[in-house]
Amino acid sequence: MKRSYILYSLLLTALFSCKKEEMQVYTSGHYVQFTQALTDTTNFSFFFHPGKTEVTVAMPVKLIGRMPEGVLKYQIKVDAKATTAEARHYSLPASFDFRQGLSVDTAYITIRKTPELATTTFMLAIEIASTDGVQPGQTTYARKVFRINDMVTKPSWWDSNMDRFYLGVYTERKFRKFMEFTGVGDLTDKSTSEKTELIKRFKYFLIQMKDAGTPVLEDDGSDMLSTIPIAG
């Protein structure tokens with residue numbers, strides 16, 4: 001019993017020491033990191049952005065440590081070893097301003113469309129840079145990797161809920177038809193009501209086509225309308 005108590009005390013001491021050390025580290029300077037952890041690459045396809053030749057992507061960042069007395073300048077650099085994209089594929093400012101008084105701000109990167117993206121996927125790896133005034137925060141939050149192309153791929157927003165309640169099971173033909181009719185290829189930032197409205201409009205379009213005797217069919221010959229589960 002006494003031995004177990006000693007081991008438990010040592011464990012608590014070690015845990016407290018680690019937390020104390022981490023607090024001292026992150027309160028002794030300025031640390032910037034992305035708000036989302038690097039759990040996987042971010043797929044970016046110009047197919048989701050019809051008519052656009054460049055798209056500016058927002059990257060929320062947060063500040064850890066002491067609040068600066070003024071604007072805090074920080075840098076995001078490209079990891080050349082993990083990047084196959086070339087300078088013509090993106091634009092990244094030399095430095096960013098973390099505005100005074102904010103704990104969360106936004107950095108932006110511009111991704112550009114080039115002809116080879118229709119057949120080739122390029123990797124773009126970026127990370128918070130270490131400078132005299134700013135250090136990167138937690139390792140898993142200090143890095144982002146983009147897969148850039150102009151190909152048709154199932155978007156991340158088309159999840160299991162989209163399969164069950166909205167657009168039904170994903171097919172490339174259905175996705176193309178949805179984009180052709182709505183002019184929208186990315187529902188990531190859309191609210192539930194906005195998504196519902198777009199999908200209901202698309203379903204009504206399919207109803208009209210079927211009533212006119214020209215139903216929209218899937219590649220296997222099935223009626224696309226029958227695969228849309230949303231009510232209305």
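Start with the lining of the largest cavity, which by class holds 1 nonpolar, 4 polar and 1 charged residues. Here Ala, Val, Leu, Ile, Met, Phe, Trp, Tyr, Cys and Pro count as nonpolar, Asp, Glu, Lys and Arg as charged, and the others, Gly among them, as polar. Before you click further, note that this is a predicted model, in which local features need pLDDT of at least 70 and side-chain atom pairs count only at pLDDT 80 or more, while totals for chains, interfaces and linings use all residues. Residues are numbered from 1 along each chain as its sequence is written, and side-chain values use heavy atoms, with hydrogens and water left out.

**Stop 1: the cavity**

Select N43, F44, S45, R147, N149 and T153 to see what lines this cavity. Two elements give two or more residues to that lining: β2 (42–45) and β11 (143–149). The biggest share comes from β2, with 3 residues. Helices (H or I, at least four residues) and strands (E, at least two) are DSSP runs, numbered from the N terminus.

The cavity has a volume of about 30 Å³, and the count comes to 1 cavity of 30 Å³ or more. For the grid-minded: on a 1 Å grid over the protein atoms alone, a cavity is a set of points where a 1.4 Å probe fits but cannot get out, and a pocket is an open set with protein on both sides within 12 Å along at least five of seven lines; lining residues have an atom within 4 Å of a point. Grid points are joined across faces, edges and corners, and a volume is the space filled by probe spheres set on the points.

**Stop 2: the largest pocket**

Keep N43 selected and add T42, V57, D186 and T188: of the 35 residues that line the largest pocket, these five lie nearest its centre. The space inside comes to about 1100 Å³. Colour β2, β3 (54–65) and β11 next, since each supplies at least two residues of the pocket lining. Which of the elements gives the most to this lining? That is β3, with 6 residues. By class, the pocket lining divides into 15 nonpolar, 13 polar and 7 charged residues.

**Stop 3: G29**

Now select G29, in the loop between α1 and β1 (30–34). Is G29 buried or exposed? At 12% relative accessibility, G29 counts as buried (buried means under 20% relative accessible area, exposed over 50%, partly exposed in between, with a 1.4 Å probe and protein chains only). Add I64, G65 and R66, with which G29 is in contact once its neighbours within four places in sequence are set aside; contact means heavy atoms within 4.5 Å. Draw a C-alpha to C-alpha distance from G29 to G65 and you should get 5.7 Å, for two residues 36 apart in sequence.

**Stop 4: salt bridges**

The model has 12 salt bridges, each a side-chain nitrogen of Lys or Arg within 4 Å of a carboxyl oxygen of Asp or Glu. Try K73 and D97, whose side chains meet at 2.6 Å, N to O. K73 sits in strand β4 (residues 72–74) and D97 in strand β7 (residues 96–98), so this pair ties together parts that are 24 residues apart in sequence. K73 is exposed, at 52% relative accessible area, while D97 is partly exposed at 39%.

Move on to E86 and R88, a salt bridge with its closest N and O atoms 2.1 Å apart. E86 is partly exposed at 38%, and R88 is partly exposed at 42%.

Then select K177 and E180, where the closest N and O atoms of the salt bridge are 3.8 Å apart. These two are 3 residues apart in helix α3 (residues 172–182), so about one helical turn separates them. K177 is partly exposed at 24%, whereas E180 is exposed at 58%.

For a larger group, select K77, D79, E127 and R143, which are linked in a network of salt bridges.

**Stop 5: colour by confidence**

Finally, colour by pLDDT, the predictor's confidence in each residue, from 0 to 100. The chain averages 87, and 88% of the residues score at least 70. Among the elements, helix α1 (residues 2–26) has the lowest mean, 45, and strand β6 (residues 90–91) the highest, 98. Over residues 1–8 the pLDDT stays under 50, and the model has 0 contacts there beyond four places in sequence. Residues 14–26 are also below 50, with 7 contacts beyond near neighbours in sequence. Where pLDDT is low, the predicted coordinates should not be read in detail.
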